[in-house]
Structures are given as structure tokens and as C-alpha cells.
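Got the structure open in your viewer? Have your selection tool ready, and we'll walk through it stop by stop.

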Amino acid sequence: VSVDSSGVQCHRGNNWHPEKHHKKKQQAWIKLHFAVNAKTGEVVANTLSSHDESDSGQVEALLAQELVA
């Protein structure tokens, strides 16, 4: 099993409201962590976390999902 992650930007509606009220847009990022079967390339587990969470912090949760499945 291999573990990796990718950052995903969240889109919360349109940009009209911040532009109208002259406020800075808040960019929201989350990370999708996933465990992949190294032989088949199949994603066997996944978790979501905040942008600053490390891959190593998600290994236990990913392995627990894989063992249940």
C-alpha cells in the first residue's frame, strides 16, 4: 500500500459577495489523503483533512479503512 495526498481548492459560491463588500476572498484548501494498492493502482481508502495535515498523520485512519473493507 502506498499513501499520498493532493490539495483541493473548495469553491464556496460565487465571487460577487466579497467583491461587492470590498473584502478579501478566502481561499479554502483541503487535502485528500489516499491509500493505493501498489500492484493494481486501486484506491483502497481515503480521508479528508485541513490543508496543513501531514500524510503521516492520516496513515492510521487509512489503514483502518483498508482493513475493514
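Select Ser49 to begin, along with whatever it touches: leaving aside neighbours within four places in sequence, Ser49 is in contact with Ile30, Lys31, His33 and Gln58. Keep in mind as you look that this is a predicted model. Ser49 has its place in strand E3. Is Ser49 buried or exposed? Ser49 is buried, because its relative accessible area is 12% and anything under 20% counts as buried. Now show side chains and look for a polar contact of 2.7 Å, which joins the side chain of Ser49 to that of His33.

That contact takes you to the next stop. Click on His33, which you'll find in strand E2. With a relative accessibility of 0%, His33 counts as buried too. Which other side chain does the side chain of His33 reach with a polar contact, at 3.0 Å? That one is Asp55. So keep His33, Ser49 and Asp55 on screen together: the His33 side chain has a polar contact with Ser49 at 2.7 Å and one with Asp55 at 3.0 Å.

Next, widen the selection around His33. Again skipping neighbours within four places in sequence, His33 has a list of contacts that includes Asp4, Ser5, Ala45, Asn46, Thr47 and Leu62. Glu53, Ser54 and Gln58 are also among them.

Time to look at the strands themselves. Colour E2, residues 28-36, and E3, residues 43-50. The two run antiparallel, with 7 bridges joining them. For an example, pick Leu32, and you'll see that its bridge partner in E3 is Leu48. Then follow the hairpin round: there are 6 residues between the two strands, and Gly41 takes a positive phi near 80° there.

While you're at this turn, select Lys39, which lies in the loop between E2 and E3. Lys39 is exposed, because its relative accessible area is 83% and the mark for exposed is over 50%. Now draw a distance from the C-alpha of Lys39 to the C-alpha of Val1. How many residues apart along the chain are Lys39 and Val1? They are 38 residues apart, with 8.4 Å between those C-alpha atoms.

Move over to Val1, in the segment before strand E1 (2-10). Val1 counts as exposed at 52% relative accessibility. Switch on a surface and add Val3 and Leu63: together with Val1, they make a nonpolar surface patch of about 220 Å².

From there, go to Ser6 in strand E1. Ser6 is partly exposed, at 37% relative accessible area. Beyond its neighbours within four places in sequence, Ser6 is in contact with Ile30, Lys31, Leu32 and Phe34. For another pair to check, try Ser6 and His51: they sit 45 residues apart along the chain, and their C-alpha atoms are separated by 9.4 Å.

Finally, zoom out to the whole chain. Its 2 helices and 3 strands follow the pattern β-α-β-β-α along the sequence. Of the 69 residues, 17% are buried. Among contacts with a separation of 6 or more, 36% come from residues 24 or more positions apart. Show the full surface to end: the chain exposes about 5,400 Å², with carbon and sulfur atoms supplying 52% of it.

Definitions and conventions. Residues are numbered from 1 along each chain as its sequence is written. This is a predicted model: local features need pLDDT of at least 70, side-chain atom pairs count only at pLDDT 80 or more; totals for chains, interfaces and linings use all residues. Side-chain values use heavy atoms; hydrogens and water are left out. Helices (H or I, at least four residues) and strands (E, at least two) are DSSP runs, numbered from the N terminus. Buried means under 20% relative accessible area, exposed over 50%, partly exposed in between (1.4 Å probe, protein chains only). Patches are made of residues with over 30% relative accessible area and no salt bridge: like charges are joined within 9 Å, nonpolar side chains (Val, Leu, Ile, Met, Phe, Trp, Tyr) within 5 Å. Accessible areas come from the Shrake-Rupley method with a 1.4 Å probe; for residues, only the protein chains shown count as cover. A salt bridge is a side-chain nitrogen of Lys or Arg within 4 Å of a carboxyl oxygen of Asp or Glu. Contact means heavy atoms within 4.5 Å. Two strands pair if DSSP finds at least two bridges between them. A polar contact is a pair of N or O atoms within 3.5 Å; within protein, one must be able to donate a hydrogen and the other to accept it, and residues adjacent in sequence count only if both atoms are side-chain atoms.
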